[in-house]
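User: Please walk me through this model one question at a time. I would like to follow the reasoning behind each answer.

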Amino acid sequence: MQPEQIFNWVQEMRARSNRVFQLKVRIPDSEPVRDLNHEAKVRAFLGQWGLEVSSEDAEGSPLNFDAQCDAMLAVCPRVISYIMGAYPAPFVARMKERGIKWFATMTSVKEALAAEAASADGIIAQSVEVGGHRGSFETEDISRSLVGLFALLPAVVDAGKVPVVATGGIADARGMVAALVLGASAVQIGTGLLRTPEAGIVSPWASTIGTALP
Ligand SMILES: Cc1cc2nc3c(=O)[nH]c(=O)nc-3n(C[C@H](O)[C@H](O)[C@H](O)COP(=O)(O)O)c2cc1C
């Protein structure tokens, strides 16, 4: 979201809810190394499906990450989290000054320890079962982060000191209790909530989720 979209969303959230929410942004990748020959090949490849891809399509500019961070500090939520990287130390210091807790999303013990070393107040342990994207940022050996919640959660809880939020494949009370038994302090549900009216997805998708498991 652009900064003004963050302001508007927070205003609406505060007006229409119990005012407990967190904000999360994606940590930007470093500037890509451009290879114009390769880009031309990719454009030609994609163009086979009917829509011509112009060279200007590669010129989109990413969101201004610093402006997003300033907007999040200005609205001062209780929690800010991140995915796919780590907040720079000066931003962490500004969060701490304002009493904002920050939760780090991680998918391996190594990432969890890195987040704790960067003084995260909480760890969101995101297992391989999650729907949608995952927040992995250690890309050296991605297979090491393809771990199920039952194995990942106790390992992360044992390795670190801060509270752990378990997420991945939890959609009912049994899953929540299992995660708490394995050491989680809280759980986060994603796919299960896609079926709520508030998620606003079209009903054929919502009902397909309900029959996804054979
Ligand atoms: C549609 C959708 C999009 C998501 N996008 C992201 C994302 O961009 N980054 C991320 O770290 N997690 C993302 N998630 C994962 C959630 O934050 C959460 O960790 C996950 O959905 C929990 O697992 P569950 O879907 O099995 O309940 C997404 C989940 C869904 C369902």
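**Helix packing, core and sheet**

User: Which residues of α4 are met by C69, D70, M72 and L73 in α3?
Analyst: Happy to start there, with the reminder that this is a predicted model. On the α3 side, the contact is made by C69, D70, M72 and L73. Their partners in α4 are F91, R94 and M95.

User: How many nonpolar, polar and charged residues make up the contact of α3 with α4?
Analyst: The contact includes M72 from α3 and F91 from α4, and also the pair of names D70 and R94. Sorted by type, its residues come to five nonpolar, no polar and two charged.

User: Do α3 and α4 count as roughly parallel or roughly antiparallel?
Analyst: Two packed helices are described by the angle between their axes and the distance between the axes. Here the axes of α3 and α4 (residues 89–97) come within 10 Å and cross at roughly 10°. Angles under 35 degrees fall in the parallel class. That makes this pair of helices roughly parallel.

User: Which helix gives the most to the largest nonpolar core?
Analyst: In soluble globular proteins, nonpolar side chains tend to be buried together. The largest nonpolar core of this model has 37 residues, and those with the most contacts inside it are M72, Y87, F91, M95, W102 and I123. With six residues, the top contributor to this core is helix α3 (residues 65–75).

User: Leaving aside neighbours within four places in sequence, which residues is M95 in contact with?
Analyst: M95 is a good one to click on, as it is listed among the core residues with the most contacts and also among the α4 residues that meet α3. Once neighbours within four places in sequence are set aside, its contacts are L73, I80, Y87, I100 and W102.

User: What is the order of the strands in the open sheet?
Analyst: Along the sequence, the chain follows the pattern α-β-α-α-β-α-β-α-β-α-β-α-β-α, with eight helices and six strands in total. The open sheet has six strands with parallel pairing. Neighbouring strands are turned by 25° against each other on average, direction ignored. Their order is β1-β2-β3-β4-β5-β6.

User: Which strands stand at the edges of the sheet?
Analyst: An edge strand has a single partner, so one of its sides is left without a neighbour in the sheet. At one end, five bridges join the edge strand to β2, and at the other, three bridges join the edge strand to β5 (residues 164–167). The two edge strands are β1 (22–26) and β6 (186–188).

User: Is β2 largely enclosed, or left open, by the rest of the structure?
Analyst: Both faces of β2 are covered, with V79, S81 and I83 buried on one side and I80 and Y82 buried on the other. Five of the five residues of this strand (residues 79–83) are therefore buried, which makes β2 largely enclosed.

User: Which residue in β3 stands opposite I80?
Analyst: β2 and β3 (residues 101–106) pair in the parallel sense over four bridges. One of the facing pairs is V79 with K101. β3 is mostly covered too, with five of its six residues buried. For I80, the residue opposite in β3 is W102.

User: Does Q126 count as buried or exposed?
Analyst: Q126 is found in strand β4 (residues 122–126). Beyond four places in sequence, its contacts are T105, M106, T107, H133, R134, G135, L152 and T167. Buried means under 20% relative accessible area. At 7% relative accessibility, Q126 counts as buried.

User: Is A15 buried or exposed?
Analyst: A15 is found in helix α1 (residues 3–16). Its C-alpha atom is separated by 23 Å from that of G190, 175 residues apart along the chain. The cut-off for exposed is over 50%. Because its relative accessibility is 64%, A15 counts as exposed.

User: What share of the residues of the protein chain count as buried?
Analyst: The C-alpha atoms fill a box of roughly 55 × 50 × 40 Å, taken along the principal axes. Of the contacts with a separation of 6 or more, residues 24 or more positions apart account for 50%. Among the 214 residues of the protein chain, the share that count as buried is 31%.

How values were computed: Residues numbered from 1 in each chain as written. Predicted model: local features only at pLDDT ≥ 70, side-chain atom pairs only at ≥ 80, totals over all residues. Heavy atoms only, no water. Core = buried A, V, L, I, M, F, W, Y, C linked by side-chain atoms within 4.5 Å. Buried < 20%, exposed > 50% of the residue type's maximum accessible area, 1.4 Å probe, protein only. Contact = heavy atoms within 4.5 Å. Axes fitted to C-alpha atoms, helices over the stretch in contact; angles between N-to-C directions. Parallel < 35°, antiparallel > 145°, perpendicular 65-115°, else oblique. Nonpolar A, V, L, I, M, F, W, Y, C, P; charged D, E, K, R; others polar. Pairing = 2+ DSSP bridges.
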